[in-house]
Amino acid sequence: MNIHWDAEKYTHDFAFVHQYGSSLLDLIEGEKLSALDLGCGNGALTKELSQRGYDAEGADASGELLQVARARYPELRFTQADAVNLRMDRQYDVVFSNAVFHWIDREKQADMIARVYDTLKPQGQFVFEFGGYGNNALIHGALGRAFARRELTYQMPFYFPTVGEYATFLERGGFLVKTALLVDRPTRLKGEDGLYEWIRMFVKAPFEGVPPDLCEEIIRLTVEELREVLYRDGTWYADYVRLRCKAVKPAA
Ligand code: BEZ
């Protein structure tokens with residue numbers, strides 16, 4: 001994952017990412033556990049883990065986001081690490097992750113799961129959520145049509161698996177799957193330009209090499225096509241679908 005984030009904008013305008021992640025913390029069982037927040041971003045959920053009494057620390061590949069996390073929560077430990085090559089200097093009772101794994105290519109998921117397995121203690125809990133099958137299908141469909149209207153090909157930049165596919169990856173990686181759910185979660189976006197800003201923030205790779213004025217035109221076409229379905233009563237909604245899972249590493 002080599003993404004350059006506008007960390008301040010992400011923190012201020014896309015706070016729903018961690019706000020929704022908060023209920024995911026309820027899947028963790030036990031008290032006073034050590035927990036790694038994998039792909040911690042600006043550290044908001046690492047902080048919440050710590051407020052819930054866990055011995056929490058964060059890891060993220062992005063230097064920009066870690067800078068924000070360290071400035072906001074200087075009392076917590078944050079490490080720069082990529083999930084696919086994760087090598088921490090200790091094992092944890094919990095590895096937690098919110099809204100991260102769709103950024104990792106399907107081909108690299110098994111390696112990432114193996115790294116998480118090694119990072120957990122026996123009986124450790126792997127609790128996570130990310131974009132599941134059908135996530136943002138309306139948005140990516142409209143982007144695909146807008147690219148095609150300008151004779152360009154839209155390459156889907158994310159991995160959004162089914163429950164069956166992902167549970168199989170986890171089981172092959174040695175985990176026991178306790179919970180795996182695909183949940184529709186229409187998500188309110190901020191402001192009159194909510195969808196435009198969302199595309200600008202999150203959909204970067206397909207626009208690489210496309211001249212700026214053409215990018216602008218494609219995004220405008222996409223937003224106008226989706227106004228009828230995703231703009232209601234003055235608010236934009238993104239058609240999110242979450243894959244929410246809890247898996248456990250067996251006892252040694
Ligand atoms: C998600 O959280 O599902 C997501 C966010 C941005 C881009 C793709 C997926």
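This report covers the ligand site and three helix pairs of a predicted model.

**The ligand site**

Eleven names make up the surroundings of the ligand: Ala 99, His 102, Gly 131, Asn 135, Asn 136, Phe 158, Phe 160, Trp 198, Phe 202, Tyr 240 and Arg 242. Sorted by class, this shell holds six nonpolar residues, four polar ones and one charged residue. Arg counts as charged, and Arg 242 is among the residues around the ligand.

Two side chains make short approaches to ligand oxygen. In Asn 135, a side-chain N or O atom lies 2.7 Å from an oxygen atom of the ligand. In Arg 242, a side-chain N or O atom lies 2.6 Å from a ligand oxygen. Polar contacts are N or O pairs within 3.5 Å, so the Asn 135 pair at 2.7 Å qualifies. The Arg 242 pair at 2.6 Å therefore qualifies too.

How much of the ligand does the protein bury? Taken alone, the ligand exposes 260 Å², and 97% of that is buried by the protein.

Which elements each supply at least two residues of the shell? They are α8 (194-202) and β8 (235-248). Trp 198 and Phe 202, both in the shell, fall within the α8 range. Tyr 240 and Arg 242, also around the ligand, fall within the β8 range.

**Helix packing**

Angle and axis distance are the two quantities that describe a packed helix pair. The pairs below are given with both.

| Helix pair | Angle between axes | Axis distance |
|---|---|---|
| α8 and α9 (212-230) | roughly 135° | within 10 Å |
| α5 (106-119) and α7 (163-172) | about 40° | 9 Å |
| α6 (137-149) and α9 | about 140° | 9 Å |

Start with α8, which also serves the ligand shell. Its axis crosses that of α9 at roughly 135°. That makes α8 oblique to α9. The crossing of α8 past α9 is right-handed.

Helix α9 has a second entry in the table, with α6. These two pack at about 140°, their axes 9 Å apart. Why is α6 oblique to α9? Roughly antiparallel needs an angle over 145 degrees, and about 140° does not reach it, so α6 is oblique to α9. The crossing of α6 past α9 is right-handed.

The remaining pair is α5 and α7. Their packing angle is about 40°. Roughly parallel would need an angle under 35 degrees, so α5 and α7 are oblique to each other. Here α5 passes α7 in a right-handed crossing.

Definitions and conventions: Residues numbered from 1 in each chain as written. Predicted model: local features only at pLDDT ≥ 70, side-chain atom pairs only at ≥ 80, totals over all residues. Heavy atoms only, no water. Near = heavy atom within 4 Å. Polar contact = N/O pair within 3.5 Å; in protein donor to acceptor, adjacent residues only side chain to side chain. Areas by Shrake-Rupley, 256 points an atom, 1.4 Å probe, with all protein chains shown as cover. Helix = DSSP H or I, 4+ residues; strand = E, 2+ residues; numbered from the N terminus. Axes fitted to C-alpha atoms, helices over the stretch in contact; angles between N-to-C directions. Parallel < 35°, antiparallel > 145°, perpendicular 65-115°, else oblique. Left-handed = near helix turned anticlockwise from the far one by under 90°.
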